[in-house]
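Here are a few short exercises to work through with the coordinates open in your viewer. Try each task yourself before you read its solution.

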Amino acid sequence: NGVFSREEDDNLQVQVGYVYDENLVRHASKVSNIKGRALVVQKLIESYDLLRNTIILKPTPATSEELCSFHSSDYIEYLKEINTKYTPEDDVTLEYGIGYDCPPLDGIFDYCCAIGGGTLTAAKALNKGEVDVAINWFGGWHHAQRDEADGFCYVNDAVLGILELRKCFNYVIYVDLDVHHGNGVEAGFERTHKVMTLSLHQYESGFYPGTGSTADVGTGVGQYHSVNVPLHEGIGDKHYCNVFDQVWYKVVDSFEFDAVVIQCGADGLSGDPLGGFNLTQEAYGHCVRKILMESKPTLILGGGGYNIANTSRCWAYLTSLVVGCELDSDIPEHDFFSMYGPSYELAITPSNRKDTNTKEYVDGILKEIEDNLTHLF
Ligand SMILES: CN(c1ccc(C(=O)NO)cc1)S(=O)(=O)c1ccc(-c2ccccn2)s1
Ligand SMILES: [Zn+2]
C-alpha cells in the first residue's frame, strides 16, 4: 500500500513512530543484566534531539487476551498469580521457566503487559498507516516460548507484533540481528508460510541457545521459511555485511513480503560481554538501511545488548538513520555522559580479534541457504 509514498514538500517523507513512556522504561529496567539500560538509551536519543520529527507512540499495556494470542493461557495465568509474590532476590526455581536466567520480577505480569503492549502499540500504528516505520527499543525479547520464559525473555513481544501485523499484512518477514538465534520467534512461525524468519547469529557448541543451523528450515507448509545464518565468533562489519547482502538478495527474490520486523539486539557489537562478534553500529546500520530500501511498513525492535553504552550508541545511530539525520561524532553532554568514556564518541571501535569464519565455511552455508530458498521459486 506504498505507505512510503507519503509526499510532503516534494520529497519522500518517512513517518516514524517511536514507542516511549516512563512506565515502559521503568518496567524495562527490571531485568537484572540490563538494569538501567532503557533509561540510558532513551537519554542518549533525547540528547541528540532525535525525536523532534517522530510521532511519540504512548504504549497501552497488552491485555491478557492479547498476550494469549501467542502465549498459553496457563503460562499467562501463572504470571498473573505470582505477579508481586516474588522479587529477583528470591532464589527460587519455579515453573514455566521462571527462575535461574529468568528470575521472578516484582510485578512480573505487569512487566509482560507493558513490554508486550509497547510492541503491539507500534504494530497497531503501522496497521493503521499512521506511521511507515515504528521503533520500540524496549522490545525484541525473542527467546520467550509459548509457555515459558527463556533467555531473559518473559514475553515474546516480537511474535505478538508479527501476529498483529498479520491482521493487515498477508506476508511478514522477521529479521533477527541479535548475536543469539531468534529461536522463540522461529518456533512461533515454523509451520506457516505467511511469516519468514531470518536470523544471523553466533553458532558454536555451548553458545546459547544452541539452535539455528542451516538445516533448521521450518516444517510442513512452513518448510524453507525459516532461514538461519549460523556464524562463528569474531566476525567484523565488512564480512557480516557481505554475508547479509548475499542472503538478503536471495530472500527478497524468494519471498514477497508486505511488512517487516527487525530485531536489532546489540549484543553482536564488539566488546559485548555475552556475545562473540566484533561488529560496530555500521553493520547494523547497513542491514537496516538495506531492509528499509524495500519501502515496506517496518517495525524495529531492540533485544540483547549488555555493554550498555555501546547498545545506546548503536540504537541512537539506528534511530538517526531511520529519521534521516546526521549525528555529531561526539556524545552530547547529558545525564549519562560519563558512561561513554574514555572516547566520549559515538563510534564504536572494533577489536583486532580474529574472525574465525573461513571463506570455505561461509561459502558452504551460503550455498545451503541458496539451495533451500530455491524450493520457494
Ligand atoms: C541464558 N543465556 C543467555 C540468554 C539470552 C541472551 C540474549 O541476549 N539473547 O538475545 C544471552 C545469554 S546464557 O546461557 O548465555 C547466560 C546466562 C547467564 C549469563 C551471564 C549473566 C551475567 C553475566 C554473565 N553471563 S550468560
Ligand atoms: Zn542476544
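## Exercise 1: A strand with two partners

S3 and strand S5 (residues 133-136) are paired in the parallel sense over three bridges. Keep in mind that this is a predicted model.

**Task.** Find which residue of S5 is the bridge partner of Val16, and which residue of S4 is the bridge partner of Gly17.

**Solution.** Step one: look across to S5, where Val16 has Val133 as its bridge partner. Step two: turn to S4, which runs parallel to S3 and is joined to it by three bridges. There, Gly17 is partnered by Ile55.

**Task.** Work out whether the residues on the two faces of strand S3 (residues 16-19) are buried or exposed.

**Solution.** Start with the general pattern: side chains in a regular strand alternate between the two faces of the sheet. Now sort the residues: Val16 and Tyr18 lie on one side, with Gly17 and Val19 on the other. Buried means under 20% relative accessible area, and all four of these residues are buried, so both faces of S3 are covered.

## Exercise 2: The whole sheet

**Task.** Give the order of the strands in the sheet, and say which strands stand at the edges.

**Solution.** Walking across the open sheet, you meet eight strands in the order S4-S3-S5-S10-S9-S6-S7-S8, with parallel pairing. Strand S4 (55-57) and strand S8 (226-231) are the edges: each has a single partner strand, so one side of each lacks a neighbour in the sheet. On average, neighbouring strands are turned by 15° against each other, direction ignored.

For a pair further in, take strand S6 (residues 172-176) and strand S9 (residues 259-263), which run parallel and are joined by five bridges. Tyr174 has Val261 in S9 as its bridge partner. H8 packs on the sheet and touches S6, strand S7 (195-202) and S8; the direction of H8 makes about 165° with that of S7.

## Exercise 3: Two helices

**Task.** Decide how H8 and H9 are oriented to each other, and which residues meet.

**Solution.** First, the geometry: helix H8 (residues 237-254) and helix H9 (residues 281-292) pack at an angle of about 20°, with axes 9 Å apart. Angles under 35 degrees count as roughly parallel, and H8 and H9 are therefore roughly parallel to each other. Their crossing is right-handed.

Next, the contact: Asp237, Tyr240, Cys241, Phe244, Asp245 and Trp248 of H8 meet Glu282, Ala283, His286, Cys287, Lys290 and Ile291 of H9. Sorted by class, this contact has seven nonpolar, one polar and four charged residues.

Definitions and conventions: Residues numbered from 1 in each chain as written. Chains lettered and ligands numbered in written order. Predicted model: local features only at pLDDT ≥ 70, side-chain atom pairs only at ≥ 80, totals over all residues. Heavy atoms only, no water. Axes fitted to C-alpha atoms, helices over the stretch in contact; angles between N-to-C directions. Helix = DSSP H or I, 4+ residues; strand = E, 2+ residues; numbered from the N terminus. Parallel < 35°, antiparallel > 145°, perpendicular 65-115°, else oblique. Left-handed = near helix turned anticlockwise from the far one by under 90°. Contact = heavy atoms within 4.5 Å. Nonpolar A, V, L, I, M, F, W, Y, C, P; charged D, E, K, R; others polar. Pairing = 2+ DSSP bridges. Buried < 20%, exposed > 50% of the residue type's maximum accessible area, 1.4 Å probe, protein only.
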